[in-house]
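Open the model in your viewer and keep the selection box at hand. This tour goes stop by stop, telling you what to select and what to look for.

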Amino acid sequence: MRRTKRLGRYHLTERIAFGGMAELFRAFTFEADGFKRDVAIKRLLPHYLEDQQFITMLVDEFKLVSHLKHPNIAEVFELVEVDENLLIAMEYVDGKDLRSTVEKARGRRMTLALDDIAYVLARALDGLHHAHVARDENDEPLKIVHRDFSPSNLLVGYDGTVKLCDFGIAKATHNRVQTKTGIIKGKVKYMSPEQAFGRRLDWRSDLFSAGSVLYELATGAAPFHAPNEIDLIFAVRDAAPTAAREINPDIPEQLARIIEKAMSRSRSARYQTALEFRDALLRFLRNYNPKYRRTKLSRFMKRVWSE
C-alpha cells in the first residue's frame, strides 16, 4: 500500500509537479459523511513562506478562482494553513496536462489528430470565456486575463474532459499585487505581442495565446523561434510566424484561417471573445469530422498513457 504524508485532513500520496513558487500533490481527504474525495494540493514552497508578496499572490489566486464554477475550469475548494504550510485544495483531474501528453505521444510516435486538437481548444476556450466574464459576489466584473494560457495549463482527463487551470499569474481587478506596465509575466513563446511589450492587457491577449497553442499543436512546431529569450521576445512582438500550411500542408484551409485570425498582431483583427474563437473551432470540427465524440480523445489519452 502506498505510504501517505498527512497535512491536516489531507493525505498526500504523490508529487505531481514542482516549480515556480509551489509544488503540486495528488491527495485525498474524507468528508463529514465519510466520502473519500480525491484532490490536488498546491503547497507554497517553504522559502516563500516569509515572503508576504508571494503569500498574497497565492491568496489572490484562491479568491480569484473561487469565483469560477465551470466544467472546463479546475475547481478550487479551500485555502488553509496547516503546520506552517499554506495549501490550496483543488479538484483532481484524473489525466495529464497537454504538454506532457504531446511529448509522451511524440516519444511513442503518435500525434494528436486535428479533430482532437480542435475539441481540446474549443473546450478550453469555453472555460476561458467563463473566466473573462466572471463577476464577484457584488456583481462587479473581475476582468480576468489568464496571461499563461499554454499546454501545461490545460488538463486532459483519461475520459476526455478538458480543464483550464493555474491562474497563479492571472491579472484581475481585485488583485492586491498588480503587475506594473512594462513587466512581463508568462511563457514567452505563447505570449501575445502586447504582452511581450509589457503593455496593458485585455482578454484578447489570451486569445492570441490560445492561437499560438493551436498553431503549435496543428503544425508540430512553435510559431516563434529564437536562439535566446531576448530574441524570442522580439519575434513574438513582430507576430509574423510562418504560415501554418507551409509547415503542415495537411492542415485544412478552414483551420489555417482560424489560426491566422487568432494570431493577428492587431487586437481588433483577432477574435474578440473566447466564444467567437470557440464557435469557429466547432464549425471546423463539424465539417472535418461530423461524427466526432469525446470518446475519441479519451481513447487517445488511454493509448498514450497505457502504462
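In which hand does α5 cross α9, right-handed or left-handed? Before you decide, note that this is a predicted model.

**Stop 1: α5 and α9**

Select residues 204-219 for helix α5 and residues 274-288 for helix α9. Their axes lie 10 Å apart, and the packing angle is about 25°. Because of that angle, α5 counts as roughly parallel to α9. The crossing of α5 past α9 is right-handed.

Now show side chains. From α5, pick Leu207, Ala210, Gly211 and Leu214. They meet Ala274, Phe277 and Leu281 of α9. Sorted by class, this contact of α5 with α9 holds six nonpolar residues, one polar residue and no charged ones.

**Stop 2: α8 against α9**

Keep α9 on screen and add residues 253-262, which make up helix α8. The axes of α8 and α9 come within 10 Å and cross at roughly 170°. So α8 is roughly antiparallel to α9.

Which residues of α8 meet α9? Select Gln254, Leu255, Ile258, Lys261 and Ala262. Facing them in α9 are Glu276, Phe277, Ala280, Leu281, Arg283, Phe284 and Asn287. The contact of α8 with α9 has seven nonpolar, two polar and three charged residues. Phe277 and Leu281 of α9 are worth a label: they appear in the contact with α5 and in the contact with α8.

**Stop 3: the six-stranded sheet**

Switch to a cartoon view. Find the open sheet of six strands, ordered β1-β2-β3-β4-β6-β5. The pairing is antiparallel. At the edges are β1 (5-7) and β5, each pairing on one side only. From one strand to the next, the twist averages 40°.

Next, select residues 52-65. This is helix α1, which packs on the sheet and touches β4 (36-44), β5 and β6. The direction of α1 makes about 150° with that of β5.

**Stop 4: the β5-β6 hairpin**

Zoom in on residues 76-82, strand β5, and residues 85-91, strand β6. How many bridges join these antiparallel strands? There are six. In general, strands of a sheet pair through backbone hydrogen bonds, either parallel or antiparallel.

Start at the turn. β5 and β6 form a hairpin with two residues between them. Click aspartate 83 in this turn: its phi is positive, about 50°. Then step into the strands. Valine 82 has asparagine 85 of β6 as its bridge partner. Glutamate 81 stands opposite leucine 86 in β6.

**Stop 5: the three-stranded sheet**

Move to another open sheet, with three strands in the order β7-β8-β9. Its pairing is antiparallel. β7 (95-97) and β9 (162-164) are the edge strands, each pairing on one side only. Ignoring direction, neighbouring strands here are turned by 25° against each other on average.

Select residues 154-157 to light up β8, which is joined to β9 by three bridges. Look for leucine 154: its bridge partner in β9 is leucine 164.

**Stop 6: helices across that sheet**

Add residues 98-107, helix α2. This helix lies across β7 and β8 and runs at about 95° to β7. Then add residues 114-132, helix α3. Helix α3 lies across β8 and β9, at about 40° to β9. Strand β8 is therefore a good place to centre the view, as α2 lies across it and α3 does too.

Conventions. Residues are numbered from 1 along each chain as its sequence is written. This is a predicted model: local features need pLDDT of at least 70, side-chain atom pairs count only at pLDDT 80 or more; totals for chains, interfaces and linings use all residues. Side-chain values use heavy atoms; hydrogens and water are left out. Two strands pair if DSSP finds at least two bridges between them. Helices (H or I, at least four residues) and strands (E, at least two) are DSSP runs, numbered from the N terminus. Axes are lines fitted to C-alpha atoms, for helices over the stretch in contact, and angles run from 0 to 180 degrees between N-to-C directions. Angles under 35 degrees count as roughly parallel, over 145 as roughly antiparallel, 65 to 115 as roughly perpendicular and the rest as oblique. A crossing is left-handed if the near helix is turned anticlockwise from the far one by less than a right angle, and right-handed if clockwise. Contact means heavy atoms within 4.5 Å. Ala, Val, Leu, Ile, Met, Phe, Trp, Tyr, Cys and Pro count as nonpolar, Asp, Glu, Lys and Arg as charged, and the others, Gly among them, as polar.
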